[in-house]
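Q: Could you take me through one part of this model at close range, starting from the chain as a whole and then settling on the aromatic rings and what surrounds them?

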Amino acid sequence: MSGISRNLTFRLIPALLTALGVGLLATGLNSYTAAVQSPPSPEPLATWEPQPSIAPTVVLPDAGAVGPGASFPPDRVSTRVVVRRLGIDLPVMLQSSDSDYGEYPLCDVAMYLPFLGQPGQGRATYLYAHAQPGMFLPLLTESERNNGQRMIGMTVEVYTSDDWRYLYEIKEVRRHTRDLGDAVETATERLWLQTSEGPAGTIPKLQVVADFLSAEKTDPKSAHPPAHPRICGGVF
């Protein structure tokens, strides 16, 4: 692992894992259920810190390396994620510490990690959302049934800001994960979806990993759904 990747892994993991420790809401934003998995042994949580402000150097693939006409423009970002068989359809956005939303992960949208890749870049695209209704709760629910085997083979669609639709096929369901090392080191076109496995402060997360299938141009309306992010969760 390069020095930059190693630093990212150790700086990013505590922030993301702590910030995303939001479980299912039974009633109201501040009423959490018990953990859906047996709680981990008590251990000190790492101090939460904002995401680092410097991204690693990116080596762009050759034009067409990931699909006809789908070379990677420097300003491309993910804008929508869809898993039709699970009823997931969320706008994707970047949560910035400079915005009015604060730095805790938002509700009613998915978010991307800016220090990993974007579709077509030949790296890991990493999207995350809370395990709540209307968000990534179906991923958590399915993962608890036979370790999520029904999700294997499902198609995930990721739309981008320059009106492309990327298709990925789910290959792995990783439960109780504690780090982003594999995503940071990925050197092929892969998609990672992450959500929580328990209430706020629960460290282990669910990761669903999908491999690239194809890419095609799409219409701007499909690629740019309206986003209505909502502030939710803990206070730091």
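A: Happy to. Of the 236 residues in the chain of this predicted model, 50% count as buried. The chain has four helices and eight strands, and from the N terminus on these elements run α-β-β-β-β-α-β-β-α-β-β-α. Among contacts between residues at least 6 apart in sequence, 70% join residues at least 24 apart. The accessible surface comes to about 10700 Å², and 53% of that belongs to carbon and sulfur atoms.

Now to the rings. With ring centres required to lie within 6.5 Å of each other, the count comes to five aromatic pairs. One of the pairs is Trp-164 with Tyr-166: the ring centres are 6.5 Å apart and the planes meet at 50°, so this pair is tilted. Trp-164 and Tyr-166 are both buried. Another pair, Tyr-168 with Phe-212, is edge-to-face, with 6.1 Å from centre to centre and 75° between the planes. Tyr-168 belongs to strand 6 (residues 164-177) and Phe-212 to strand 8 (residues 205-217), so this pair ties together parts that are 44 residues apart in sequence. The two partners are covered to unlike extents: Tyr-168 has 0% relative accessibility and counts as buried, while Phe-212, at 23%, counts as partly exposed. Ring pairs link Trp-164, Tyr-166, Tyr-168 and Phe-212 into a cluster.

Tyr-168 also leads us to a neighbour worth a look, Met-154. Met-154 is found in the loop between helix 2 and strand 5, and with a relative accessible area of 0% this residue is buried. Leaving aside residues up to four places away in sequence, Met-154 touches Val-83, Arg-85, Leu-86, Tyr-168, Glu-169 and Ile-170. For Met-154 and Ile-170, the C-alpha atoms are 5.5 Å apart in space, with the two positions 16 residues apart in sequence.

One more ring deserves a mention, this time for a charge. The charged end of Arg-80 sits over the ring of Tyr-159, 4.7 Å from the ring centre.

From here we can step to the nonpolar interior. In soluble globular proteins, nonpolar side chains tend to be buried together. In this model the largest nonpolar core has 30 residues, and those with the most contacts inside it are Val-81, Phe-136, Leu-139, Val-156 and Leu-193. The elements that give two or more residues to this core are strand 1 (78-83), strand 2 (88-93), strand 3 (110-112), strand 5 (155-160), strand 6, strand 7 (190-196) and strand 8. Strand 6 provides the largest share, five residues. Leu-139 shows what such a position looks like from the inside: apart from residues up to four places away in sequence, Leu-139 touches Leu-86, Ile-88, Met-151, Leu-193, Thr-195, Leu-206 and Val-208. There is also a second, separate core of 14 residues, which includes Met-93, Leu-106, Ala-124 and Tyr-128.

The loop between strand 2 and strand 3 brings us to the sulfur chemistry. A disulfide is a covalent bond between the sulfur atoms of two cysteines. The structure holds one disulfide, which joins Cys-107 to Cys-232 with 2.0 Å from S to S. The torsion about this S-S bond is about 95°, so the disulfide is right-handed. The link connects distant parts of the chain: Cys-107 is in the loop between strand 2 and strand 3, Cys-232 is in the segment after helix 4 (220-223), and they are 125 residues apart. Cys-107 counts as buried at 0% relative accessibility, and Cys-232 counts as buried at 6%.

Asp-108 lies in that loop between strand 2 and strand 3 too, and its backbone merits a glance. Most residues other than glycine have a negative phi. The phi of Asp-108, however, is near 70°, a positive value. Asp-108 is partly exposed, with a relative accessible area of 29%. A positive phi also turns up at Asn-146, where the value is near 55°. Asn-146 sits in the loop between helix 2 (137-143) and strand 5, the loop that also holds Met-154. Yet their surroundings are opposite: Asn-146 is exposed, with a relative accessible area of 60%, whereas Met-154 is buried.

Key:
Residues numbered from 1 in each chain as written. Predicted model: local features only at pLDDT ≥ 70, side-chain atom pairs only at ≥ 80, totals over all residues. Heavy atoms only, no water. Phe/Tyr/Trp six-rings, centres within 6.5 Å; stacked < 30°, edge-to-face > 60°. Buried < 20%, exposed > 50% of the residue type's maximum accessible area, 1.4 Å probe, protein only. Lys NZ or Arg CZ within 6 Å of the ring centre and 35° of its normal. Core = buried A, V, L, I, M, F, W, Y, C linked by side-chain atoms within 4.5 Å. Contact = heavy atoms within 4.5 Å. Disulfide = S-S within 2.5 Å. Areas by Shrake-Rupley, 256 points an atom, 1.4 Å probe, with all protein chains shown as cover.
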